[in-house]
2 protein chains.
Amino acid sequence: MGVREIGLPEVTRSPEPGVPERVTIWEVGPRDGLQNESDVVPSETKLEFLNRLNAAGLPVIETTSFVHPEWVPQLADAAEVLDGLSRKPGVRYPVLVPNERGLHRALQAGVEDVAIFASATDSFARRNLNRRVEEQFEMFHPVVRRAVSAGLRVRGYLSMVFGDPWEGPVAVDQVVNAGRRLLEMGCDQLSLGDTIGVATPGQVETVLRAFVAAGVSVDRLAVHFHDTYGQALANTYAALRQGVSTVDASAGGLGGCPYAASATGNLATEDLVWMLDGLGIKHGVDLKMLVDTSTWMAERLGKPSPSAVVRALAL
Amino acid sequence: MGVREIGLPEVTRSPEPGVPERVTIWEVGPRDGLQNESDVVPSETKLEFLNRLNAAGLPVIETTSFVHPEWVPQLADAAEVLDGLSRKPGVRYPVLVPNERGLHRALQAGVEDVAIFASATDSFARRNLNRRVEEQFEMFHPVVRRAVSAGLRVRGYLSMVFGDPWEGPVAVDQVVNAGRRLLEMGCDQLSLGDTIGVATPGQVETVLRAFVAAGVSVDRLAVHFHDTYGQALANTYAALRQGVSTVDASAGGLGGCPYAASATGNLATEDLVWMLDGLGIKHGVDLKMLVDTSTWMAERLGKPSPSAVVRALAL
């Protein structure tokens, strides 16, 4: 009789204050995960992946991106995937749009949720968007305005929040100012990204407190951690303790980090679910179905999942 | 220019109360790590490993075990390793002793620190020691008494504290009672082990608070987490927040878990150091030298280190 027969961790609510009773898992595997895998996954495989994530109960599934196919060939089939997607009532299927042209394609495809991807640092804004931080807001402003007036919800990603590979540390004021600009522009949620995975829990607490001190409700904040240095779940726990209730994660830990040499990318949804289950935090996701899905996808990609839970539970 | 040139995370003390200013890293790689690797490492390699850990600044290095060579052939050379060990002033080199015979051999080898390994559950006590929980104390009592009267420091490991593969959840009272028995017997420190890696942070907080409520000073408690389900560092952070200042870890994450199917075992010392560095917690360990050591040992074992930090930083 092995560990796998225990199935789930013991439920013990934290006796410490602050931890929310329910968390929304924002599944980024189909978009952020597959975008950063070197293989191009066939559209039918993506659709089966999305169907499986639906069946596993994920409440938000970031589906694809309308970035130019030359930049991200992995997601060149965005329109086709959205056309074939079986939407489940109550589930949100946001799509990344890099600019007005991307938004136009997203609107044509009938999406109701979009996300834009901004940088907290000039270095990354230049490399990713060929613009400075200030200039990216000029680019995003008409995109967000048009999306909001079309009735869409817009999420703002802010990347390099906890460190930048070219600049090193990033000033908290700079992060809060950039994040507030995205919210004031019309984004209803801000996802704070540790794009290179360097953050530690004290930094997470400090940044979240600075946002709250600047008048931003913690309900509008999400966290997006990468596990490059093994810190993603410790940082997530620190964020939960600050009241954050939306956490980004990628099924099976799909997606490497393009700016780090490590094999590990996004926080694995399964590792997050294990912790939430143990903490008695509701999330609505079926861990076994999710592990099955990630095991299946790992076979498609021909390499093992970096998720500890997937490795431990997969038979 | 890559992440590796940043070298270290940004230092940000946690604004939350409770986190200690200094942590003692109790390195278990040479004992707990190598004991659970399937390969038997040559004594000369072990001695070079110990020398490298010394050079990297580890303050406590659990060196080997005087368990019967038939049970753990990986550590059959305990006396030889201790004979060849270059002791560094101020560093402790504890050795595991399973029983009186083991203690006798340890005393002959001139050790000053020993550790005993007890179970919080009957199921594991039976399988590991062929005794019930109550009977193991009868076995350990003369060992601890004799060690203490010989002037040795004795650490008590308590295993299966957060879950047992045969029994499932373990009652907190049962854990506290077993732990107190070890301390009252003469152990100066108690290491609380999540032997199968199932714990989550709320459970860690609850168990630690229960010990403190029962009159045990948090200074006498250490934590020993396995990363089987990816939870080790989040649990460590929860323990630091409760004031724990001794943390067990294994260089490079050496050592699988013999009772789980997963590839991952002990918390990797490097991943712990990254978090402590980011939190501004002193520990005295040189991360680069440690990564070099684990990279070197991974080559000896012919398989990559499971440590995220080792994978990300190794050139």
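Colleague: How many salt bridges are there between chain B and chain A?

Modeller: Side chains of opposite charge can pair when their charged atoms come close. In this predicted model, the count between chain B and chain A is two salt bridges. One of them joins the side chains of B:Glu16 and A:Arg209, at 2.3 Å from N to O. There is also a network of salt bridges that links A:Glu16, A:Arg241 and B:Arg209.

Colleague: Which elements of chain B give two or more residues to the side that touches chain A?

Modeller: They are α8 (201-213), α9 (232-241), α10 (269-278) and α12 (308-313) of chain B. The most comes from α8(B), with six residues. By class, that side of chain B has 30 nonpolar, 14 polar and 11 charged residues. Across the interface, 14 residue pairs are in polar contact.

Colleague: How many residues does each chain bring to the contact, and what area is buried?

Modeller: Chain B brings 55 residues and chain A brings 55 residues. Between them the chains bury about 4,300 Å², with 61% of it on carbon and sulfur atoms.

Colleague: How should I read the relation of the two copies?

Modeller: Two copies of a chain are related by a rotation about an axis and a shift along it. Here a turn of 180° and a shift of 0.0 Å along the axis lay chain B on chain A, with an RMSD of 0.0 Å. The two copies are therefore related as by a two-fold rotation axis. The same surface serves both copies, as 100% of the contact residues of chain B recur in chain A.

Colleague: Which residue of chain B comes closest to the rotation axis?

Modeller: That is B:Ala234, whose C-alpha lies at 1.9 Å from the axis.

Colleague: What about salt bridges inside one chain?

Modeller: The whole structure holds 28 salt bridges over all chains. One of them pairs A:Arg181 with A:Glu134, with the closest N and O atoms 2.9 Å apart. This pair links distant parts of the chain, as A:Arg181 is in helix α7 (residues 172-185) and A:Glu134 in helix α6 of chain A, 47 residues apart. A:Arg181 is partly exposed at 32% relative accessible area, and A:Glu134 is partly exposed at 41%.

Colleague: Where do B:Lys303 and B:Glu37 sit in chain B?

Modeller: B:Lys303 is in the loop between α11 (287-301) and α12, and B:Glu37 is in the loop between α1 (29-35) and α2 (43-55), 266 residues apart. Their salt bridge has its closest N and O atoms 2.5 Å apart. B:Lys303 counts as partly exposed at 41% relative accessibility, whereas B:Glu37 counts as buried at 6%.

Colleague: Which residues of helix α5 of chain A are buried?

Modeller: An α-helix has 3.6 residues a turn, so residues three or four places apart point the same way. In α5 (residues 122-129) of chain A, the buried residues are A:Ser123, A:Phe124, A:Ala125 and A:Leu129. They pack against β5 (113-119), α6 (133-149) and β6 (153-159) of chain A. Just after α5(A), A:Asn130 takes a positive phi of about 55°.

Colleague: What does B:Lys88 contact, leaving aside its neighbours within four places in sequence?

Modeller: B:Lys88 is in contact with B:Asn54, B:Gly57 and B:Tyr93. Its side chain reaches the backbone oxygen of B:Asn54 at 2.6 Å. B:Lys88 lies in the loop between α3 (78-84) and β4 (95-96) of chain B, and is partly exposed, with a relative accessible area of 34%.

Note on methods. Residues numbered from 1 in each chain as written. Chains lettered and ligands numbered in written order. Predicted model: local features only at pLDDT ≥ 70, side-chain atom pairs only at ≥ 80, totals over all residues. Heavy atoms only, no water. Least-squares fit on C-alpha atoms with pLDDT ≥ 70 in both. Contact = heavy atoms within 4.5 Å. Buried area = accessible area lost by both parts, 1.4 Å probe. Salt bridge = Lys/Arg side-chain N within 4 Å of Asp/Glu carboxyl O. Polar contact = N/O pair within 3.5 Å; in protein donor to acceptor, adjacent residues only side chain to side chain. Helix = DSSP H or I, 4+ residues; strand = E, 2+ residues; numbered from the N terminus. Nonpolar A, V, L, I, M, F, W, Y, C, P; charged D, E, K, R; others polar. Buried < 20%, exposed > 50% of the residue type's maximum accessible area, 1.4 Å probe, protein only.
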